[in-house]
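Open the model in a viewer and keep the selection panel at hand. The stops below are meant to be followed in order.

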Amino acid sequence: MTSLELAEEIRSILPGTEELIVQYLSGYLVDDAGEEEDVLQVANDILNSLAMDHPDDVQKLMARLRDLLSEQLAARARNSARPKLMKLDKVMDLSKAGAMSSTIGLGEGVDLESINKGKASRVDVKKLEKQEAKLKAKIEKRARRDLYEGSKLLDQHRKQQNYEEMFLKINPIEAATAAKNKSKDIHLPSIDVNFASNRILSGASLTLAYGRRYGLIGRNGVGKSTLLKHIAMREVPIPAHITILFVEQEIVGDDTTALESVLKADVWRDHLLKEEATLNAKLADLEKEGDDKRFEDAREEASSRMAEVHARLSDMDAESGPSRAATLLAGLGFSEADQSKPTKSFSGGWRMRLALARALFVKPALLLLDEPSNHIDLNALAWLEDYLQTWPGTLLVVSHDRAFLDSVATDIIHQHSGRLDYYKGNFTQFYSTKSERDRNMRKEYDTQMEYRKHLQAFIDKWRYNANRAPQAQMRIKMLEKLPDLEPPEEEETETFKLPETDKISPPLLQLSGVTFGYTPERFILKNIDIDVGLDSRIAIVGSNGAGKSTLIKLLTGELRPLSGDLNRNGRLRIGYFSQHHVDTLNPTMSPVQFLASKFPGKTEQEYRSHLGNFQISGMTGLQLIGTLSGGQKSRVAFAALSLMNPHILLLDEPTNHLDIEGLDALMAALKSWNGGVIVISHDERFITTVAKELWVCADGTVSKFMGDVQAYKSLIVSNIKARP
């Protein structure tokens, strides 16, 4: 049987097989070099890895090969039964046998004495390890210092320029005229982004088509917000005629009303309106003058400029500004009375909403949003999702909220490993496509590694054999021609572990006919009845200020009702997580020190092991909390919460700082936990996964909603649109 005949058989039964592999297999099966191996088993392994989707064809081919090679394999079996020369483990010079060491008989032929002679290490291993640890700590400290100094300089730079100056610096007023008849697509084939000493992107391609809505995703700390800042400051070379606005931080509070603040956000509109007023005054003064030529020329010049200003104001629909601003504020939860309040009267969360309303009012060609859902309730989020679906420009939004990305995004950009990967569709489509792509890459990589291993084994065995050297050389060339494949990235998964809670008899926690208000004249909640047990899975939704957090504080006992009863089991332990608790973690302590201060009595290793249950591992457990990201701080807070061994968890916006992997881990932990859960959240997917009941807090009451989160959001949007 020749290799040509075998190759023809392989091609006929598995026609899609690469020619290089066909040649290798056919040569390998007939070559005597494989006489010491089970050649059919090796061929079967290779073919199975190549044609995983066609196992029947592989079996058919193997049966055919077994028939064709039966005589050849029988001859090999007879030859293998004959006595053979033995290969020594090491070369021995028999002429020097007399000088052989006396220890050679002690270790199964290994000459211990000669191996160790003159090779004793002079390095103090403990000192070396200590020095390496010092060097590592020094490098990490320098990196943190650079990062801190870099962010400090950035903040200082921002404080030096107010919003108007910054807006005009990034978007010069001449850009409006320059943008006419120009493409607003962005395509930068190779960009580098650094922050202090950290490389965020290297040779990455940034492509944003005008009118598309991009969701930018990636792990915590990968540099998504840094990329947005670089784009916003034009440190990435965005074409000058494309206007950019980045919603990143809350506005500074002053005596300006909310409505005026939104109107002033459009600096171009504000400038043109001021110029219009100046020109009107100038023309009124000129009308009083005579018919002198210089006055005529001045009137003509002012009139001409006035016409240009009117044309620009008309293009930007300046006249409808107040009604558009009021609509945006109403959608984000500002009542008519709120819109007339000064901005300094609003809390940080409401000022963030104002910043979002200002950006939506300006309508830049490129709008950049960083976690917009973190600062708004489910009602406002439902409106925002609906509003952004008709956004006319380009949108680039960083978000860990899958439901938000599913609703808003037309494309997903995955930032990882210093590059940007692009996927068409929303998050669900991205996840499906990426999973399929990762499986194919892993299959291709494993197949090539297996093939390389077989080629290398042949080369190693026969490279220096005179009869086999040409065949070995041929395989060396085949190996060199194979493309270099990068090993696929391992999919990163996280797990959170909550301790099993002990059973206690009901009732655990009840509110009966409870009424509460900070003053007796103004009630926030009236006649509330709620019963919480170990099997409770309740999500509470409603607008900001409706009383959701107040209800949680009544359940914890932090607030006392004006009337009604709070019944609580004496053995009940409650774990309370608030987004504000993350901000109150001691920044001068490490996570290990923080846990030791709250729950003393364990060793450092036990605290570190417990933090590892929430993905705070390695040196991170010894870093100062002040240097940790928001997501890492949330994990420390959950680690502290679990050490209480609670029976019931009360969670107020627990998802705000977690990335998608952390959120998945938290949902899985809560789903399998045997205690009760009450959660306040704006994250649709989190609520759908964790909660069995949906309760709505509105108009001073808390009542069960007979429907899912999607139905509730649809109801909110339709109610907002129905307003006059």
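The tour goes through two sheets, a covered strand and two helix pairs in what is a predicted model.

**Stop 1: the sheet of 3 strands**

Select residues 509-516, which form strand 9, and then residues 525-532, which form strand 10. The two run antiparallel and are joined by 5 bridges. For one of these pairings, label Val-514 and look across to strand 10, where its bridge partner is Ile-528. Now add residues 563-568, strand 12. The result is an open sheet with the order 10-9-12 and antiparallel pairing. Strand 10 and strand 12 are the edge strands, each pairing on one side only. From one strand to the next, the twist averages 10°.

Keep the sheet on display and select residues 548-556, helix 20. This helix packs on the sheet and touches strand 9, strand 10 and strand 12. Its direction makes about 125° with that of strand 9.

**Stop 2: helix 11 against helix 14**

Hide the sheet and select residues 258-265 (helix 11) together with residues 321-331 (helix 14). Two numbers describe a packed pair of helices: the angle between the axes and the distance between them. Here the angle is about 115° and the axes are 9 Å apart. The crossing is right-handed.

Show side chains for the contact. On helix 11, pick Ala-258, Leu-259, Val-262 and Leu-263. On helix 14, pick Gly-321, Pro-322, Ala-325, Ala-326 and Leu-329. How many residues of this contact are nonpolar, polar or charged? The split is 8 nonpolar, 1 polar and no charged.

**Stop 3: helix 14 against helix 16**

Leave helix 14 selected and add residues 378-388, helix 16. This pair packs at about 135°, with the axes 9 Å apart. Because of that angle, helix 14 counts as oblique to helix 16. On the helix 14 side, label Thr-327, Leu-328 and Gly-331. They meet Ala-380, Trp-383 and Tyr-387 of helix 16. By class, this contact holds 4 nonpolar and 2 polar residues, with no charged ones.

**Stop 4: strand 6 and its neighbours**

Select residues 394-398, strand 6. Is this strand mostly covered or exposed? Strand 6 is mostly covered, with 5 of its 5 residues buried. Colour its two faces separately: Thr-394, Leu-396 and Val-398 lie on one side, Leu-395 and Val-397 on the other, and both faces are covered.

Next add residues 213-217, strand 3, which runs parallel to strand 6 and is joined to it by 4 bridges. Leu-216 has Val-398 of strand 6 as its bridge partner. Then add residues 366-370, strand 5, also parallel to strand 6 and joined to it by 5 bridges. In that pairing, Leu-366 has Thr-394 of strand 6 as its bridge partner.

**Stop 5: the sheet of 6 strands**

For the last stop, display the open sheet with the order 13-14-15-11-16-17 and mixed pairing. Find its edges by selecting residues 574-578, strand 13, and residues 701-704, strand 17. Each has a single partner strand, so one side of each is left without a neighbour in the sheet. Direction ignored, neighbouring strands of this sheet are turned by 20° against each other on average.

Finish at strand 13 by adding residues 648-652, strand 14. These two strands pair in the parallel sense over 5 bridges. Label Gly-575 and then Leu-649, its bridge partner in strand 14.

How values were computed: Residues are numbered from 1 along each chain as its sequence is written. This is a predicted model: local features need pLDDT of at least 70, side-chain atom pairs count only at pLDDT 80 or more; totals for chains, interfaces and linings use all residues. Side-chain values use heavy atoms; hydrogens and water are left out. Two strands pair if DSSP finds at least two bridges between them. Axes are lines fitted to C-alpha atoms, for helices over the stretch in contact, and angles run from 0 to 180 degrees between N-to-C directions. Contact means heavy atoms within 4.5 Å. A crossing is left-handed if the near helix is turned anticlockwise from the far one by less than a right angle, and right-handed if clockwise. Ala, Val, Leu, Ile, Met, Phe, Trp, Tyr, Cys and Pro count as nonpolar, Asp, Glu, Lys and Arg as charged, and the others, Gly among them, as polar. Angles under 35 degrees count as roughly parallel, over 145 as roughly antiparallel, 65 to 115 as roughly perpendicular and the rest as oblique. Buried means under 20% relative accessible area, exposed over 50%, partly exposed in between (1.4 Å probe, protein chains only).
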